[in-house]
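Please walk through this fold with me, going from its strands to its largest pocket and then to a few individual residues.

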Amino acid sequence: TGIGFLDHMIVLLAEHGNFDLTCKATGDLHVGAHHTTEDIGLSLGIAFNEAVGDKKGIIRFGTARLPMQESLVAVSIDLSGRPFLAYDVDFQSAKVGNFDVELVEEFFQAFTSTSHITMHVDAIRGWNAHHMAEAVFKAAARALRAAVSKNPGTDERIPSSKGVL
């Protein structure tokens with residue numbers, strides 16, 4: 001992507017989510033990382049939504065609490081079809097290297113809007129911005145992985161009392 005820290009976070013998302021993912025992006029990095037980060041979030045959200053398909057036979061909900069040294073982050077996901085992000089992460093510094101940590105929220109806002117999922121991200125504790133950002137991406141990945149897991153014996157059932165998501 002040309003954004004080293006974001007590349008690192010995307011690798012973590014793929015690895016901990018067990019997603020087969022290749023991401024290549026070019027953007028207006030001379031302006032900053034904002035647009036490229038947001039566009040990647042939008043694109044990955046679209047890809048995720050398409051990959052999940054009709055959601056038949058999946059668990060639908062996923063939660064992960066992830067420690068990363070002094071940091072602890074909880075992420076809960078509902079593949080509801082309703083995009084929403086609740087994000088409560090208070091970084092103690094504005095940057096990790098040259099990456100603006102406010103872009104972590106921008107990434108997930110874009111991702112949730114196009115993946116049509118509800119996501120709650122809560123930093124329970126932490127002070128190291130690098131560790132906190134890693135914990136957010138890893139917890140999100142593990143919660144997504146849990147939500148898309150197959151629910152044994154429900155291959156044709158959509159996980160909703162309404163029968164539709």
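**Strands, a pocket and some single residues**

Along strand 1 of this chain the side chains alternate, with Gly62, Ala64, Leu66 and Met68 pointing to one face, where they are buried, while Phe61, Thr63, Arg65 and Pro67 point to the other face and are not buried. The model is a predicted one, and the description that follows should be read with that in mind. The pattern agrees with a general rule, namely that in a regular strand the side chains alternate between the two faces of the sheet.

Strand 1 has a partner in strand 2 (residues 71-78), and the two pair in the antiparallel sense over 8 bridges. Within this pairing, Arg65, whose side chain belongs to the face of strand 1 that is not buried, has Ala74 as its bridge partner in strand 2. The hairpin that strand 1 and strand 2 form has 2 residues between the strands, and in this hairpin Gln69 takes a positive phi near 55°.

An alternation can also be followed along strand 3 (residues 84-88), where Leu85 and Tyr87 point to one face and are buried, whereas Phe84, Ala86 and Asp88 point to the other and are not. Strand 3 pairs with strand 6 (residues 118-125), here in the parallel sense and over 5 bridges. On the strand 6 side, Asp122 is the bridge partner of Asp88, and Asp88 is one of the residues of strand 3 that are not buried.

From the strands we can turn to the empty space beside the helices. How is this kind of space found? Rolling a probe the size of a water molecule over the atoms shows where empty space is left. The largest pocket has a volume of about 250 Å³, and the residues that line this pocket are Leu13, Phe19, Asp20, Leu21, Leu44, Ala47, Phe48, Ala51, Val52, Phe111, Leu144 and Val148. Two or more lining residues are given by each of helix 2 (34-52) and helix 4 (129-148), and the largest share, 5 residues, comes from helix 2. In chemical character the lining divides into 11 nonpolar residues, no polar ones and 1 charged.

What surrounds the start of the chain? Thr1 is placed in the segment before helix 1 (4-17), and because its relative accessible area is 15%, which lies under the 20% limit, Thr1 counts as buried. The side chain of Thr1 reaches the backbone nitrogen of Ile3 at 3.0 Å, and it also makes a polar contact with the side chain of Asp7, at 2.4 Å. Leaving aside neighbours within four places in sequence, Thr1 is in contact with Leu6, Asp7, Ile10, Cys23, Ala25, Leu29, Thr36 and Ile40.

Backbone angles draw attention to two further residues. Most residues other than glycine have a negative phi. Asn18, although it is not a glycine, has a positive phi of about 60°; Asn18 lies in the loop between helix 1 and helix 2, and its relative accessible area of 60% makes it exposed. Arg60, likewise not a glycine, has a positive phi of about 90° and lies in the loop between helix 2 and strand 1.

Is Arg60 buried or exposed? Arg60 counts as buried, because its relative accessibility is 9% and the limit for burial is 20%. Not counting residues up to four places away in sequence, Arg60 touches Ile77, Asp78, Leu79, Ser80, Arg82, Ala147, Pro159, Ser160 and Leu165.

Two separations between C-alpha atoms complete the tour. Glu102 lies in helix 3 (residues 102-115) and is exposed, with a relative accessible area of 56%; its C-alpha atom is separated by 9.2 Å from that of His34, although Glu102 and His34 are 68 residues apart along the chain. Thr26, in the loop between helix 1 and helix 2, counts as exposed at 76% relative accessibility, and the C-alpha atoms of Thr26 and Gly53, which are 27 residues apart along the chain, are separated by 28 Å.

Terms used: Residues numbered from 1 in each chain as written. Predicted model: local features only at pLDDT ≥ 70, side-chain atom pairs only at ≥ 80, totals over all residues. Heavy atoms only, no water. Buried < 20%, exposed > 50% of the residue type's maximum accessible area, 1.4 Å probe, protein only. Helix = DSSP H or I, 4+ residues; strand = E, 2+ residues; numbered from the N terminus. Pairing = 2+ DSSP bridges. 1 Å grid on protein atoms, 1.4 Å probe; cavity = no way out; pocket = protein on both sides within 12 Å on 5 of 7 lines; lining within 4 Å. Points joined across faces, edges and corners; volume = space filled by probe spheres on them. Nonpolar A, V, L, I, M, F, W, Y, C, P; charged D, E, K, R; others polar. Polar contact = N/O pair within 3.5 Å; in protein donor to acceptor, adjacent residues only side chain to side chain. Contact = heavy atoms within 4.5 Å.
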